[in-house]
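Trainee: I have just opened this entry and would like some guidance. May I put some questions to you?
Mentor: Certainly; please begin where you wish.

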Amino acid sequence: MRKYIAKRIGLMILLLIGVSFIVFASLYLSPGDPAELVAGASATPADIARMRIFLGLDKPFLVQYFIYFKNLLVGNFGTSLVTRQPILKELLVRLPNTLNLATSSMIVACVFGIPAGILAAIYKDTWIDNVLTTTSLAGISIPNFWLGAMLILLFSVTLRWLPTGGMSQPFWTPIGFKQAILPSLALGFSVAASFMRVGRSAMLDVLQSDYIRTARSKGLKESKVIIVHALRNALIPIITIFGTSFGGLLGGAIVTEQVFVVNGIGTYLISSISMRNYPAVQSTVLVIAAFFIIVNLIVDVIYVFIDPRISYE
Amino acid sequence: MSNTLTFKRENWLAKAFQKLLQNKLATFAFFFLIFEIIIIIMAPLLVPFDPTKTDISIRLAPGFWAMNSPKFVAGHFLGTDHLGRDVLSRLLMGGQISLSVGFVATSIGLIFGVTLGLLAGFYKSLDNVIMRFMDLLFTFPGILLAMLIVAMLGVSTLNATIAISIWSIPGFARMVRGKVLTIKEEDYILAIRSIGASNFRILFNHILANCMPLIIVISTMRLASSIMSIATLSFLGLGSPPPNAEWGAMIASARDYMWQAPSLIIIPGIVVMITVISFNIVGDKLRDILDPSMKENN
């Protein structure tokens with residue numbers, strides 16, 4: 001087991017290096033000279049040449065990457081071209097807002113998705129199953145930004161029950177809770193739908209297995225069979241997709257933040273793209289990808305404890 | 001009496017289609033998509049107005065649901081937007097962007113993804129290199145990879161298509177590789193090899209043919225998510241630039257008029273949703289028919 005975990009951590013480090021390389025190299029694909037951008041519109045060719053040396057752009061590609069990587073290791077993510085502030089500082093201010101949104105959405109997804117999947121499996125081929133399966137199909141097909149807009153239209157504009165956005169407070173505070181309801185429903189719905197689909201098929205698999213028949217034949221109550229025996233194994237596939245789903249939430253948060261005007265790293269990313277603030281774009285993408293890699297590592301490690309068979313494969 | 005054995009080659013595609021038609025919902029979704037695609041291809045002939053022609057005097061006119069309102073303008077069946085452009089015309093012409101980006105991006109993703117998947121599954125020496133690179137592409141969650149590519153290349157419909165194509169590659173590669181690994185071990189591949197077939201022939205004539213059902217299923221699902229992605233990118237201002245009518249862009253510009261004209265935001269969203277849901281329904285059913293072993297994994 002220890003070997004498995006060590007291997008996972010090694011793989012994570014390789015992935016992080018790979019991601020930093022892709023993010024760094026992407027700047028090279030972009031048309032236009034970064035030195036020209038930094039120097040500003042009124043710069044003379046001599047200014048631009050000086051800026052190129054100042055930024056180290058005259059050095060070979062791999063040397064530049066090495067310097068970039070060394071800076072990343074000491075937490076130097078570069079300077080924003082717009083505000084001239086350290087990018088890491090700007091990201092750290094906004095990161096809690098994004099995590100606030102992603103976490104509350106994950107709670108919505110678990111609270112609605114998992115029970116729905118289990119119910120659909122228990123009542124397979126009844127109207128309950130049909131309603132839940134259709135809802136989940138809608139869930140993965142509705143654009144989350146549009147769902148967000150529809151929720152605002154219904155609950156904020158028409159009924160005036162909930163605020164149109166903000167998420168300035170953590171979701172566990174009274175104000176933050178009210179602010180979080182609509183954004184986390186909009187973002188969490190598609191994940192709830194995929195949890196429901198996975199949970200349903202996992203539960204159906206488990207319910208057909210021999211040990212469940214044994215449990216039933218020894219006269220256990222059906223509720224006990226499901227809650228005590230079946231549920232634990234049915235949750236394993238959901239844990240497997242938990243990591244990818246969290247990544248999906250982080251990616252989706254970029255969009256949902258725009259709808260609900262949340263000052264998170266997604267909003268920072270979009271405004272950086274529109275202002276051609278390339279270093280900020282790179283760092284934001286890097287931070288989101290790194291988060292995703294680390295969450296997946298944690299899920300992988302938890303997974304070994306839940307299902308020890310995996311470490312022998 | 002002739003003792004030659006004749007093998008009737010089963011046309012699996014026709015059979016799958018027959019089975020698809022046994023399901024009411026899937027049949028409905030399938031024919032809706034055919035209908036939608038035909039209408040959208042013919043859109044330039046059908047649209048009542050120029051989708052980019054503005055006319056401030058008739059801005060935010062309601063559609064058929066408020067025919068008796070004094071603001072209703074005859075001919076504008078679904079009303080007009082904040083610049084007085086006809087919503088129905090924009091929806092139809094916008095469909096050309098959404099659907100063509102969807103089909104082109106899925107096809108490019110398919111060509112590269114399937115080739116990489118075949119090579120990775122078949123040649124052990126290539127497996128690690130290709131799949132680790134695919135893993136790397138998978139570490140950018142959701143549309144983040146597409147956003148990074150658009151950010152670097154600049155905003156245009158073509159760049160958005162490239163971005164979505166690249167993002168589609170790893171999904172195809174991973175699934176096809178998995179399938180190749182199982183097919184490779186089958187006895188009939190050994191039989192073909194023993195009569196002297198070349199690797200190339202085995203890979204492209206036999207293994208690829210057996211991957212086709214899987215490829216059709218993934219393509220249908222990818223079409224759904226590519227259409228969703230171009231709408232999302234356009235919503236963020238990273239897809240099709242204005243004044244192009246694109247479904248996601250229509251939703252984005254309608255947000256400021258949600259109070260006065262909610263239909264402007266409701267209608268394009270419903271169109272995206274119905275299109276995506278139809279592809280998903282057909283994809284789901286095709287998976288059940290063609291590849292029941294394919295588990296729900298996302």
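Trainee: Which residues have the most contacts inside the largest nonpolar core?
Mentor: Please keep in mind that this is a predicted model. The residues with the most contacts inside the largest nonpolar core are Ala146(B), Val176(B) and Ile251(B). That core has 157 residues.

Trainee: What does Val176(B) touch, not counting residues up to four places away in sequence?
Mentor: Val176(B) touches Gly113(B), Val114(B), Gly117(B), Leu118(B) and Gly121(B), and also Cys211(B), Leu214(B) and Ile215(B).

Trainee: Let us step back to the chains. How many helices and strands are there in chain A?
Mentor: Chain A has twelve helices and zero strands. Its C-alpha atoms fill a box of roughly 85 × 55 × 30 Å along the principal axes. Of its 313 residues, 40% count as buried.

Trainee: And how many does chain B have of each, helices and strands?
Mentor: There are eleven helices and zero strands in chain B. The box filled by the C-alpha atoms of chain B is roughly 80 × 55 × 30 Å, again taken along the principal axes. Buried residues account for 45% of the 298 residues in chain B.

Trainee: In chain A, what share of the contacts between residues at least 6 apart joins residues at least 24 apart?
Mentor: In chain A, that share is 71%. For chain B, residues 24 or more positions apart make up 71% of the contacts with a separation of 6 or more.

Trainee: Where in chain A is confidence lowest, and where is it highest?
Mentor: Confidence in chain A is lowest in helix H2(A), residues 34-39, with a mean of 70. It is highest in H5(A), at 90. Over chain A the mean pLDDT is 84, and 96% of the residues reach 70 or more.

Trainee: Tell me about H5(A), then. How many residues has it, and what does it reach from end to end?
Mentor: H5(A) covers residues 87-122, which is 36 residues, and it reaches 50 Å from its first C-alpha to its last. That is close to the 52 Å expected at 1.5 Å a residue.

Trainee: Where does H5(A) bend?
Mentor: The bend is at Arg94(A) and amounts to about 35°. A proline, Pro96(A), follows within four residues.

Trainee: A new topic: which residues of chain A, other than glycine, have a positive phi?
Mentor: Arg84(A) is one of them, with phi near 60°. Asp125(A) is another, at about 65°. Arg84(A) sits in the loop between H4 and H5 of chain A, and Asp125(A) in the loop between H5 and H6 of chain A.

Trainee: Why does Arg84(A) count as exposed?
Mentor: Arg84(A) counts as exposed because it has 7 C-beta neighbours inside 10 Å, and a residue with 12 or fewer is classed that way. Asp125(A) is also exposed, with 9 other C-beta atoms within 10 Å.

Trainee: How many residues does each chain give to the contact between chains A and B?
Mentor: Chain A gives 43 residues and chain B gives 38. On the side of chain A that touches chain B, H10(A) gives the most, with nine residues. By class, that side of chain A has 29 nonpolar, 13 polar and one charged residues.

Trainee: Back to chain B. Where does Gly283(B) lie?
Mentor: Gly283(B) lies in helix H11 of chain B, residues 263-290. H11(B) is mostly covered, as 22 of its 28 residues are buried. H11(B) reaches 40 Å from its first C-alpha to its last, close to the 40 Å expected.

Trainee: Is Gly283(B) itself buried or exposed?
Mentor: Gly283(B) is buried, because 22 other C-beta atoms lie within 10 Å and the class begins at 20. Leaving aside neighbours within four places in sequence, Gly283(B) is in contact with Val217(B), Thr220(B), Met221(B) and Ala224(B). Gly283(B) and Ile218(B) are 65 residues apart in sequence, yet 7.6 Å apart from C-alpha to C-alpha.

Trainee: One last residue: where is Val47(B) found?
Mentor: Val47(B) is found in the loop between H3 and H4 of chain B. Val47(B) is partly exposed, with 17 other C-beta atoms within 10 Å. Beyond its neighbours within four places in sequence, Val47(B) is in contact with Ser89(B), Leu92(B) and Met93(B).

How values were computed
Residues are numbered from 1 along each chain as its sequence is written. Chains are lettered from A and ligands numbered from 1 in the order in which they are written. This is a predicted model: local features need pLDDT of at least 70, side-chain atom pairs count only at pLDDT 80 or more; totals for chains, interfaces and linings use all residues. Helices (H or I, at least four residues) and strands (E, at least two) are DSSP runs, numbered from the N terminus. The expected span of a helix is 1.5 Å times one less than its number of residues. The bend at a residue is the angle between axes fitted to the seven residues ending there and the seven starting there. A nonpolar core is a set of buried Ala, Val, Leu, Ile, Met, Phe, Trp, Tyr and Cys residues joined through C-beta atoms within 7 Å. Two residues are in contact if their C-beta atoms, placed from the backbone, lie within 7 Å. Ala, Val, Leu, Ile, Met, Phe, Trp, Tyr, Cys and Pro count as nonpolar, Asp, Glu, Lys and Arg as charged, and the others, Gly among them, as polar. pLDDT is the predictor's confidence in each residue, from 0 to 100.
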